[in-house]
Amino acid sequence: MSSPDSTLQNVVAHRIILNGIVQGIGMRPAVARLAQMHHLSGSVSNQLTGLLIVVEGSPSDVDEFRDQLSSHFPTDAKITSRQEIKCEATGNTEFRILESIATGRLETILPADLATCDQCQHEYSSPDDARYRYPMISCTSCGPRYSIIKRMPFEREQSSLKDYDLCVNCREDYTNSSSRRFHAQTIACPVCGPTYWYEKPGQFVELNYDLMIQLAVEDIKRGDIVGLCGVGGYQLLVDGTNSAAVQRLQQRKKRESKPFAVMVQSLDAAELLASLNQIEREILADSRNPVVLLNQLARNRLAREVTGPVGTIGVMLPTTPVHQELCRLVNVPLIVTSGNVEDKPIESVPSKARSELADIADCFLHHNREIVRPIDDSVVRIAGGQQITIRCGRGLSPLKLPISTQMQILAVGAEQKNAIAFSNGSQSILSPHIGDLKTLASRTYFEQQITELQTLYQMDPEYIVHDLHPEYYSTAWATQQRKPLIGVQHHHAHIVSGMLEHNLLDENVLGLAFDGTGLGDDATIWGGEFLLSSAVGYKRVGNIAPFSLPGGTAAILSPWKIAVSLLESAMGAEAASEIGHQIFSDACVENILQITGRQHLSPQTSSMGRLFDGITALITRRTESSYEGQFPMILEALAQICDSVQTPYRFEVSTVDHRIQLEWKTAIRQIVHDIDAGTAPAAIACRFHRGLVQGIRKMCRHFPDYPIVLSGGCFQNRILLETLRRELEEDHRNVFCPVSIPLNDGGLAAGQLAIAVARLTRNADHNSVGAV
């Protein structure tokens with residue numbers, strides 16, 4: 001009989017640690033199958049550091065396992081690091097999947113919520129399958145992840161599925177290495193899993209899923225609003241072709257003209273609403289399931305109120321079998337919008353949804369799988385052949401950032417489209433979209449998200465980074481925390497977010513930061529900035545020529561006032577009065593002209609967003625905006641439908657106070673001339689876009705030696721981004737913009753965090769860590 005030592009003589013052991021997207025996607029089952037195929041013993045387990053694999057066997061079998069490992073990863077796996085060391089063989093005779101409960105800093109990426117996969121959809125529709133018509137069906141490749149996590153590593157016992165004990169059949173699938181659901185943490189079925197129920201005043205249905213769906217379909221066809229509990233929270237569903245129903249949703253949600261996203265059953269159905277290129281088709285069908293902004297067709301089935309005068313439409317495919325079922329049976333595009341009162345966080349708890357949404361939804365489809373971490377749908381757009389992120393939410397977030405530091409730092413973002421970013425000393429993260437910090441409810445939610453993410457990632461910040469604007473709630477909150485503070489200028493953060501994503505933090509760049517509002521270091525409102533930027537600082541070398549913002553930020557919702565200010569600057573008060581009365585017949589033009597020269601009533605701004613507002617008001621004769629960004633979207637839509645080549649308006653470059661300025665006064669006079677001549681608004685919008693791009697190109701030629709980074713909400717405008725990029729590249733410039741990180745204020749915290757790390761690292765290198 002051989003001794004244990006002699007048994008292990010021809011056995012080697014290796015320990016492998018994988019970091020990245022390695023949990024909640026079927027990595028452990030895939031590794032176990034590969035190990036068993038090569039007759040190896042050992043184990044695989046989820047850890048806070050990622051995925052830990054220990055294999056032992058003959059040298060040839062272990063080497064083959066190591067060589068083949070990466071080719072056996074699930075489709076959604078993304079490896080950011082792989083560490084290997086030899087270790088002592090133990091003489092184990094089997095390979096096991098281990099469950100792990102650990103404490104400490106989280107080093108691996110949290111798994112994202114994914115749409116139901118094709119195989120699960122097929123099983124859902126197969127009468128002979130055990131999960132036939134089970135609405136919560138999922139497997140190792142799909143279903144809820146981030147939204148149900150209580151703690152990491154990702155284990156069923158540390159999720160909101162903990163209280164659902166597996167039935168005999170599910171237990172068999174869970175333990176069977178040949179099953180699709182081998183160690184699927186979200187496994188469930190009609191016998192043992194969470195369930196839906198339907199309710200409306202005077203009616204309550206549970207246990208009968210078919211009846212629930214039938215009632216919801218009848219409600220939608222009747223024009224009612226259905227409150228559906230989805231993966232990350234409640235959604236409001238209504239027939240997108242029923243004008244009266246859409247208007248009712250607008251009125252109840254207090255969202256008069258802001259566009260809605262729609263859900264359709266298939267890519268073929270999406271083609272009936274919008275023009276799609278191949279990249280857009282692929283992203284629509286991706287398991288991350290974002291809302292994709294598309295150029296809508298001139299004629300489609302949608303009610304006019306769904307998108308209003310803008311030229312784009314947000315489209316998504318079904319996330320779950322319930323969405324798929326409703327789309328199929330109603331057989332029209334469905335509005336699927338966040339289940340919240342406007343400017344409040346998305347609802348995620350049945351009891352709260354029942355009360356908070358009672359004045360909006362006519363009925364509800366609730367479920368009893370706890371949503372631990374509410375999360376909105378992601379929104380993306382294709383521009384210049386690549387996906388850019390508008391809102392980082394379900395499927396895309398939390399987003400790991402390429403910032404390496406052992407310091408623990410929290411960056412709290414801005415006021416609008418808020419998201420936070422942080423480092424726990426092991427990894428850096430951009431949080432999911434939080435929202436505008438206008439209301440008490442949204443501010444409370446902001447604080448809750450900070451607390452919960454600090455707990456999840458085991459982070460206690462040494463520093464807090466904030467915007468310079470003292471009236472932002474995020475800034476005020478930061479100053480109350482009794483932590484060392486680092487203030488970061490708004491537009492510098494925008495530029496550095498783009499530098500971060502493209503590995504430019506060690507370089508100097510020419511940054512073009514175009515947005516609506518950001519406090520400049522001269523206490524004026526910036527937003528059309530040319531900044532020579534590094535990761536630690538910047539120099540303002542150019543800007544859009546400033547103009548008065550009558551009444552301050554109130555002008556954002558009354559862009560006709562900005563138009564009058566632009567007219568006065570370009571043509572004088574008398575001409576502005578005459579033209580203003582012609583274009584805005586019922587407006588009090590004289591009152592605006594009386595305050596444009598008073599700094600305390602009409603602060604100066606260099607905002608590109610406000611310039612777009614004023615130009616749109618002139619061209620369309622519209623006076624009031626319902627939401628931030630509406631007028632620039634209308635201007636883009638007009639330019640999009642222009643079907644002929646237009647001569648660009650003239651934007652000139654001048655030098656003022658040792659800075660170059662992009663002058664728009666000549667363009668204003670040319671616009672007025674075209675309005676008087678009866679030129680089509682689409683042609684004027686096209687000439688404006690083309691002229692603006694040529695002016696920006698001339699500005700950039702003053703700084704020929706720098707790569708160019710484009711960032712800020714104005715670059716959500718596809719025409720501006722694509723045309724400018726193309727013309728700058730004709731000048732042989734290297735041009736970059738944020739892609740995964742939102743290029744609007746949703747990505748601001750990522751830039752704040754990168755700047756703080758760069759400054760603190762520089763100070764540490766100089767042995768002078770002090771005031772920053």
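## A hairpin from strands 16 and 17

Strand 16 (residues 379-383) pairs with strand 17 in the antiparallel sense, and 5 bridges hold the pairing. This is a predicted model, and every value here comes from that prediction. Within the pair, Arg 381 stands opposite Ile 388 of strand 17. The two strands form a hairpin with 2 residues between them, where Gly 384 takes a positive phi near 60°.

Strand 17 (386-391) also turns up elsewhere, since the lining of the second largest pocket takes at least two residues from it. That pocket is a good place to go next.

## The second largest pocket

How much space lies in the second largest pocket? It is about 810 Å³. The pocket is lined by 30 residues, and those closest to its centre are Ile 21, Lys 78, Arg 288, Leu 396 and Leu 399.

Strand 4 (78-87) and strand 18 (399-401), like strand 17, each supply at least two residues of the lining. Strand 18 gives the most, with 3 residues. By type, the lining divides into 16 nonpolar, 8 polar and 6 charged residues.

## An open sheet of six strands

Strand 18 has a second role, as a member of an open sheet. Here 6 strands follow the order 18-21-20-19-22-23, with mixed pairing. Strand 18 and strand 23 (485-488) stand at the edges with a single partner strand each, so one side of each has no neighbour in the sheet. From one strand to the next, the twist averages 25°.

Inside this sheet, strand 19 (residues 408-411) and strand 20 (residues 421-424) run antiparallel and are joined by 4 bridges. If you look for Ile 409, you will find it opposite Ser 423 of strand 20. Helix 12 (residues 440-457) lies across strand 19, strand 20 and strand 21 (428-430), and runs at about 25° to strand 20.

## A buried serine

Let us zoom in on one residue. Ser 474 belongs to helix 13 (residues 473-479). Is Ser 474 buried or exposed? Its relative accessible area is 0%, so Ser 474 is buried.

Which residues does Ser 474 touch, leaving aside its neighbours within four places in sequence? Its contacts are Val 412, Gly 413, Ala 414, Glu 415, Asn 418, Leu 437 and Phe 446.

## Strand 30 and its partners

Strand 30 (residues 659-663) is largely enclosed by the rest of the structure, because 4 of its 5 residues are buried. It pairs with strand 26 (residues 538-544) in the parallel sense over 3 bridges, and Gly 542 has Ile 660 of strand 30 as its bridge partner.

Strand 29 (residues 652-656) also pairs with strand 30, this time running antiparallel and joined by 5 bridges. Here Glu 652 stands opposite Glu 663 of strand 30. Strand 29 and strand 30 form a hairpin with 2 residues between the strands, and Asp 657 takes a positive phi near 55° there.

## An enclosed helix

Our last stop is helix 10 (residues 321-330). With 8 of its 10 residues buried, helix 10 is therefore largely enclosed by the rest of the structure. The buried residues are Pro 321, Val 322, His 323, Gln 324, Glu 325, Leu 326, Cys 327 and Val 330. Just after helix 10 comes Asn 331, which takes a positive phi of about 65°.

Technical notes
Residues numbered from 1 in each chain as written. Predicted model: local features only at pLDDT ≥ 70, side-chain atom pairs only at ≥ 80, totals over all residues. Heavy atoms only, no water. 1 Å grid on protein atoms, 1.4 Å probe; cavity = no way out; pocket = protein on both sides within 12 Å on 5 of 7 lines; lining within 4 Å. Points joined across faces, edges and corners; volume = space filled by probe spheres on them. Nonpolar A, V, L, I, M, F, W, Y, C, P; charged D, E, K, R; others polar. Pairing = 2+ DSSP bridges. Axes fitted to C-alpha atoms, helices over the stretch in contact; angles between N-to-C directions. Contact = heavy atoms within 4.5 Å. Buried < 20%, exposed > 50% of the residue type's maximum accessible area, 1.4 Å probe, protein only.
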